[in-house]
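Me: I would like to go through the labels on a structure and ask what stands behind each of them.

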Amino acid sequence: MLVADRLLHITAEHYLALSAILFSFGMVAVMMRRNVIVMLMGIELMLNAVNLSFIVFARELGSLDGQIMVFFVMTIAAAEAGVGLALAVAIYKKFKELNIRYFEKLKG
Amino acid sequence: MSAQFLIGLLLASPLVGFLINGPRFRSKNAVLAGTIATSAAGVSFICSLVLFAQLLGLAPDQRSLEALFFTWIPVGALKVQAGFVVDQISAIMILIITGVGTLIHLFSIGYMSHDERPAKYFAYLNLFLFNMLILVLGDNLLMTFVGWEGVGLCSYLLIGFWFTDAQKAAAGMKAFIVNRIGDAGFLIGLFLLFFSFGTLDYSELSALVPQLAETSWLGPITLACLFLFIGATGKSAQIPLYVWLPDAMAGPTPVSALIHAATMVTAGVYLIVRMSALFMIAPYAMEVIAWTGALTALFAATIGMTQWDIKKILAYSTVSQLGFMFLAVGVGAFHAAMFHLMTHAFFKALMFLGSGSVIHSMNEEQDVRKMGGLAKVMPITHLTFFLGWLAIIGMPPFAGFFSKDEILAYAFFSPQGSPFLWAIGALAAVFTAFYMTRLMALTFWGKPRYGSEVHPHESPLTMTIPLMVLGFLSVVGGWIGIPHVIGAVLPGHPENHLLNWLKPMITNADLGHPSVLIEWGLMGFAVALAGIAAYVAYDFYVSHKDRPAKFAQSLGPVHGVVENKYYVDEGYFAFIVNPLIEGSKALWLYVDVNFIDKITYLATDLAQGLADFVKTLQNGKTQQYALYMTLGLVVVITYALMGS
């Protein structure tokens, strides 16, 4: 057992609670903020919150599945960030602003 | 030649004529179209003659030639063949139809020479012939019904042939709609028969008859007979469905001669004669038929006395004569009905063609008040019309005398007859003599009343030859059915050939032994009365022209009522047609527009409202979608947590 664990009694619940809080922050950012960059950051935050809970469970259950999943999620997140930023650039080029309400104007 | 081939050719010939003339309906060449159509009819006539000769060669009780082409409807118990049969009854019919039909086709060539669409006309005429032949040759009721509907269609097409005239188009529609009422009756009768006996075949139905007996008004046989009779009243223009026939005169005159005098309108009589075995065991139905016929004969004759349109007079005369035929079948004198059907086809076709000849030469003038004195300028038309006139008023020895006398004798002596029926028939015969003489007098005799701009002339040969042939037949046509009582005193004792011919096929009423003296008396009485009526009419309309008006005045309102055809049309409109239209309008407004439509509108409104709401959800705002997803997530997680 690690020294920190003994001192602070950090258990799986703590990690999961942190994960939930991070996820909520990310979600609120996606839903409330108008700036596309901030929204992308929110999404990134949500994904990483999930990653955290994956690792916690992997450790708790002593299985590698969760850790493998995290690699997948990170890969997807990188791709998503690429597409998302490209869209953000497209919006900015067209409207000189990064407001999400222009998103619907990109069609057709 | 086999019967199958002959019957096939008989039927196919007019159909081919129709198929040739039909597609070239725009052609204005009346002679070419007429020649095609007339030859088609002629081929049929030759086939009829050959078939008739073949029948003559057979033993009397085996006279039946059949042709089965294919099985038309094989559905469970119902098995209908496209089968045709030439026997004693249909042989007479096809001879009349194709014989008179050919003559009228020939006449039409001249009559329609100035028309815009002669090919179309001849195509319709051929189609009519085809359907009429199906009607009379069909060996079951359903085949007959096919022809029945077909002739109705052709009748409609030909009445409304000059359809640019709204009145004529309306007359066609009237004929069609009134006939539909009758046809519904026919169909119900058909269903009843099939329901009760499981067959629609004439021979099978007749074979069933000996095992059947009917006593009540509401038995299946009586009901079926009555419904078939309703069909007959429609097609054969009897009370109460006769109203279409006078209007049908809007069609070309040869059409009136062929369809509305000689052939189609006799289909009802033919049907009842064909089913005579069944009708004989339905005495109540017979009584209804006899009285309807007698009353129609009288009723139409009275109207005929007051009309001024030459074709209308002949139309009412036709209704009246058809009434005689129904009187005959009603009292069980089926052979007399067939006899009168035949003689009537001759003399009435003759008179219609004669009137056509007159109308043609008078530049389409039909009002007899504007004619007169035509005997001098149209000698052949006058002479032939004169023969027809003698035939219809029942002067011996012309055709109408024998047939009408036979009917009146049966009306008196038959077990189903009564002196009342005889009296009504005799009175109708007297009126017939009056209105026909009036027609002759106003058209051909006296001084000309037409203007100087009209130059009547005798018609060309194609029109006068049919008149001459029919005139000849109107004289001799009655000699094949000389009643026994007359034949007994004539040299050589001629027999009633027609009765002998028809005997195996029909079930006549048993006359017993009527008193010869009374029969002669009745006959003499009828002829004498007809002669007097004819003289009075001659006196009225040639010698003393002021008398008709005075006489009409002395009758007071009665004359007005008769002249206006008893206001029957007006009555039908007031009590049936208009309420029906009003009722339909009310149904349309209150049920359709205000109820059914509104229900559908409600459904659309609901769907649209729902759609409007759902539409607001899908507004393209990315963050709102994110919100929905979150909400969905919340719901799913809540559910999962609560479930565990």
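The questions below concern the terms used for chain B and the values behind them.

Me: How do you know which residues and chains the labels refer to, and what kind of model is this?
Reply: Residues are numbered from 1 along each chain as its sequence is written, while chains are lettered from A and ligands numbered from 1 in the order in which they are written. The model is predicted: local features need pLDDT of at least 70, side-chain atom pairs count only at pLDDT 80 or more, and totals for chains, interfaces and linings use all residues.

Me: What makes up the secondary structure of chain B?
Reply: Chain B has 27 helices and two strands. Helices (H or I, at least four residues) and strands (E, at least two) are DSSP runs, numbered from the N terminus.

Me: Why are H3(B) and H4(B) called roughly antiparallel?
Reply: The axes of H3(B), residues 88-111, and H4(B), residues 118-137, come within 10 Å and cross at roughly 175°. Axes are lines fitted to C-alpha atoms, for helices over the stretch in contact, and angles run from 0 to 180 degrees between N-to-C directions. Angles under 35 degrees count as roughly parallel, over 145 as roughly antiparallel, 65 to 115 as roughly perpendicular and the rest as oblique. H3(B) and H4(B) are therefore roughly antiparallel to each other.

Me: Which residues make that contact, and what classes do they fall into?
Reply: Among them are Met93(B), Ile97(B) and Gly101(B) of H3(B), and Phe122(B), Leu129(B) and Leu133(B) of H4(B). Two residues are in contact if their C-beta atoms, placed from the backbone, lie within 7 Å. The contact of H3(B) with H4(B) has ten nonpolar, four polar and no charged residues. Here Ala, Val, Leu, Ile, Met, Phe, Trp, Tyr, Cys and Pro count as nonpolar, Asp, Glu, Lys and Arg as charged, and the others, Gly among them, as polar.

Me: Why is Thr102(B) called buried or exposed?
Reply: A residue is buried if 20 or more other C-beta atoms, placed from the backbone, lie within 10 Å of its own, exposed if 12 or fewer, and partly exposed in between. Thr102(B), in helix H3 of chain B, has 24 C-beta neighbours inside 10 Å and therefore counts as buried. Leaving aside neighbours within four places in sequence, Thr102(B) is in contact with Thr38(B), Ala41(B), Gly42(B) and Phe45(B). The C-alpha atoms of Thr102(B) and Ala41(B) are separated by 5.1 Å, although the two are 61 residues apart along the chain.

Me: And what does the count say for Ile480(B)?
Reply: Ile480(B) has 20 C-beta neighbours inside 10 Å, so this residue counts as buried. Ile480(B) lies in the loop between helix H20 (461-476) and helix H21 (484-487) of chain B. Beyond four places in sequence, its contacts are His497(B) and Leu498(B).

Me: How do you know that S1(B) and S2(B) pair?
Reply: Two strands pair if DSSP finds at least two bridges between them. S1(B), residues 64-75, and S2(B) have nine, in the antiparallel sense. Among the bridge partners, Pro74(B) has Lys79(B) in S2(B), and Leu68(B) stands opposite Gly83(B). The two strands form a hairpin with two residues between them, and Gly76(B) in the turn has a positive phi of about 55°.

Me: What makes S2(B) mostly covered?
Reply: Seven of the ten residues of S2(B), residues 78-87, are buried. Over chain B, 51% of the 644 residues count as buried.
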